[in-house]
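Let's take a walk through this one together. Have the sequence and the 3D view open side by side, and we'll go one piece at a time.

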Amino acid sequence: MSLLHLENLTVSINTADGPIDIIEQINLQMSAGDKLGIVGESGCGKSITALAIISLLPEKSIVSGRILLNGENLLDLSPAEMCRVRGNRVGMIFQEPMTALNPVKTIGAQIAESLKLHLKIGRKEIQDRVSQLMEDVGLPVRRFPLDLYPHLLSGGQRQRVMIAMAIACEPDLLIADEPTTALDVTVQEQILDLILDLADRSGMGLIMISHDLGVIAQTTEQVAVMYTGNLFETGPTAEVFNQMAHPYTHGLFSAIPKPGHSAEQERSRLYTIPGQVPEIHMRPDGCSFADRCGHALESCRTQDPPKIDLGNQHLAWCFNPINRTDKG
Amino acid sequence: MWLSIRGCGEVIVARRMNEIFRHGLEHRSFVIGGIITLLFFLIAVLSYIWTPHSIENLSIVNRLKLPNATYWLGTDHFGRDILSMLIVGARNSVIVAFVAIGIGIGIGVPLGLIAAASRGWTDEIIMRFNDFTFAFPSIISAIMITAILGPGAVNSIIAIGIFNIPVFARVARGAALSFWKREFILAARSAGKGTLRISFEHILPNIFSILIVQATIQFGIGILAEAGLSYLGLGTQPPSTSWGKMLNEAQTMLYIAPQLAIYPGVAIVLTVLGLNLFGDGLRDVLDPKLRRNR
C-alpha cells in the first residue's frame with residue numbers, strides 16, 4: 001500500500017464566473033520513505049497541491065478526487081479528524097520562516113504544541129522530547145534555550161525550529177513547501193541536508209516542493225513537473241532530468257544559467273521560455289503549454305495531450321515529446 | 001513562562017521590559033497619565049485603610065464648613081467630610097469600572113475571537129447583535145438596564161459591563177482578523193490545531209496589547225458612566241457615596257455652596273483625563289511603529 005496516493009485530484013475555486021480549476025486531475029503516488037519532488041513555475045499549483053493534502057486550502061475551494069494517506073481517504077474525514085492528521089501524521093514546513101513562527105510565544109512552547117496536542121505524554125516527557133528535537137535540528141538547548149523568542153533567531157535558525165515543529169510527532173509524511181527559497185544560499189544547503197537526514201533517519205516520506213531544479217535533483221528520487229495545474233512529466237528524478245521528454249521540462253533546464261565554455265556562449269543571453277504562463281481563467285484548449293512550445297503540433301491546440309509511458313515509471317503528457325535519442 | 005531554563009531568554013525579555021519602561025518615560029502623556037492613574041488607584045486603596053472621617057457621621061452642627069484644619073476640604077450639607085467622601089467615591093468608581101471591564105473583556109473578547117475565527121453566519125449574528133447593543137447611547141442603555149433591574153452599585157456594574165461587551169468584541173474581532181491572515185496561523189493549523197485553540201493560544205496573546213489599551217480607555221468611560229448613573233440616582237446608594245452622587249447632592253446647594261459641586265467634578269475630570277492620557281501613551285509605547293513618530 002502506498003503512503004500517499006492522489007487520485008484524480010482536482011481543486012477548483014468558486015468565482016463570480018463559476019468554478020475555475022486550478023488543479024486538474026492529478027494522479028501521484030508515493031510509497032513510505034519515498035522522496036517526491038514537485039517542480040514548476042510560480043502559480044503552477046505546487047503549493048495548492050500541498051495545502052489540498054492537509055486540507056488547508058483557502059475558503060471557497062472545492063476538492064474532488066481522492067487523497068489516500070495509508071489507504072484512508074483524507075477527503076472523507078471530518079474537520080476534527082483532519083486536525084488529528086495534521087501535525088501528527090503529516091507535517092509541513094513553510095517557505096517563509098521569518099513569519100511562520102508566532103512572535104509572542106517562545107520557541108520551546110511552539111515546538112511543544114503539537115506534542116501536547118497529539119501525544120498523550122506528561123509534562124516532563126514533553127520537555128525532554130522538545131530538547132531532543134532541538135538537538136536533532138541542530139539547535140542545542142545549551143546555546144538556544146527554549147524560552148527564546150523567534151525574533152532573536154536568524155532565518156536559518158527559525159527554519160530549524162519550523163522543522164522541529166513539523167517532525168515533532170514523527171509524521172509519516174513531511175511536506176516541505178519551498179523550505180529554502182527565503183534563505184541564504186549557504187544556509188540552504190544545511191537546511192536541505194538536515195531535512196534529508198531527518199527523513200532518512202525516521203523513514204518518513206518527503207514531498208519537496210520547489211521551483212529550483214537543483215534542490216529537487218539533490219533531495220528527491222521521484223519528481224513531478226507541473227504546469228498550470230497539470231502534470232507534465234513524472235518519473236524517477238535522475239531519469240526525468242537526464243532524458244526529459246516534455247518540451248516544458250527541457251525549457252526549464254535550458255533556463256538554468258551555466259558557466260559557458262566558449263566566449264560566444266558566455267556572451268549569449270540566458271534562454272527563457274517564450275511567452276507567459278496563461279492566466280488561470282484564460283487557459284487555452286488542448287495543452288496549456290502549446291502557445292509557448294517549440295514542438296507544438298496542430299493537435300496540441302485542440303486536444304488534451306495523451307499520457308505516454310516511457311518505461312521505468314517515466315510518464316509524460318505530450319503529443320510530441322522530445323526524441324529521446326537527440327536530447328541535448 | 002515555559003521551562004525555566006535560565007538563559008539569555010529571560011535577560012532579553014527583561015531588557016525588553018526595560019526598553020518599554022525607558023521609552024515610556026520619554027513619553028509625556030504616558031507619564032502624566034500614569035501618575036494620575038496611579039494616584040487614583042492609591043486613593044481608592046487608601047479608602048479601605050483610612051479616611052479622615054467616617055462618611056456615615058452626620059453632624060449637622062458642622063454643615064457646609066469651608067476648608068479648615070479638621071475638615072481639609074470642608075463639609076457638605078449633612079456635615080460629612082468632603083475629602084473622605086471623595087476617597088470613598090474613588091473606591092466605588094474603581095470597583096464599578098473595573099468589574100464592568102471584566103464583564104466586557106470576559107464576554108466581548110471571546111465573542112470577537114469566535115466571530116473572527118468562524119466568519120460566515122456566526123460572525124454575522126455576533127456582530128449584528130453587537131451593532132444592535134452599540135446603537136444605543138451607553139448612558140441610555142445603562143438607564144434602561146437599571147430601570148429594569150433596579151438602582152444600585154451592582155446593577156450599574158452590569159449595565160456598564162453590558163455596554164463594554166460590543167466594544168471589546170469589535171476590537172478583538174478586528175485585531176484577530178488581521179492575524180488570521182498571517183503565515184504563523186497557517187503553520188499552527190498545519191500542526192493540527194483547531195480554530196478555537198488557535199484563537200485563544202495564538203491570536204489572543206498577539207492582540208493583548210491592543211486590548212489593554214482599549215481597557216484603559218474603557219476604564220475612563222466606565223468611571224464617567226458610573227458618575228452619570230449615580231448622578232441620576234441609579235448607581236451607588238446611600239450610605240455609601242460616589243462622585244456622581246456627590247454632584248447630584250451638590251446641585252440643590254449650588255447657590256449656597258458651589259464648592260460642593262466643584263470637588264467631585266474636578267475629581268472626575270482629572271481621573272478620566274489621566275486615564276485617557278495613560279491609554280494614549282500606552283498605545284504609543286506598546287506599539288514600536290508609533291513610537292518613532294512622537
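What percentage of the 294 residues in chain B is buried? Keep in mind while you look that this is a predicted model. Buried residues come to 43% of chain B.

Staying with chain B, trace the backbone from the N terminus and you'll meet helix after helix: the order of elements reads α-α-α-α-α-α-α-α-α-α-α. That makes eleven helices, with zero strands. Line the chain up along its principal axes, and the C-alpha atoms of chain B fill a box of roughly 75 × 45 × 35 Å. As for how the sequence folds back on itself, take the contacts in chain B between residues at least 6 apart in sequence: 69% of them join residues at least 24 apart.

Now swing over to chain A. Here the chain is split into two assigned domains, with domain 1 covering 97-168 and domain 2 covering 244-317. Put a point at the C-alpha centre of each, and those two points in chain A are 42 Å apart.

So much for the chains taken one by one; what about the place where they meet? How many residues of chain A are in contact with chain B, and how many of chain B take part? The count is 31 from chain A and 22 from chain B. On the chain A side, helix H2 (79-85) and helix H3 (107-118) each bring at least two residues to the surface that touches chain B. The largest share there belongs to H3(A), with six residues. Sort that side of chain A by residue character and you get 16 nonpolar, nine polar and six charged.

Note on methods: Residues numbered from 1 in each chain as written. Chains lettered and ligands numbered in written order. Predicted model: local features only at pLDDT ≥ 70, side-chain atom pairs only at ≥ 80, totals over all residues. Contact = placed C-beta atoms within 7 Å. Helix = DSSP H or I, 4+ residues; strand = E, 2+ residues; numbered from the N terminus. Nonpolar A, V, L, I, M, F, W, Y, C, P; charged D, E, K, R; others polar. Buried ≥ 20, exposed ≤ 12 C-beta atoms within 10 Å, placed from the backbone. Domains from an automatic or database assignment.
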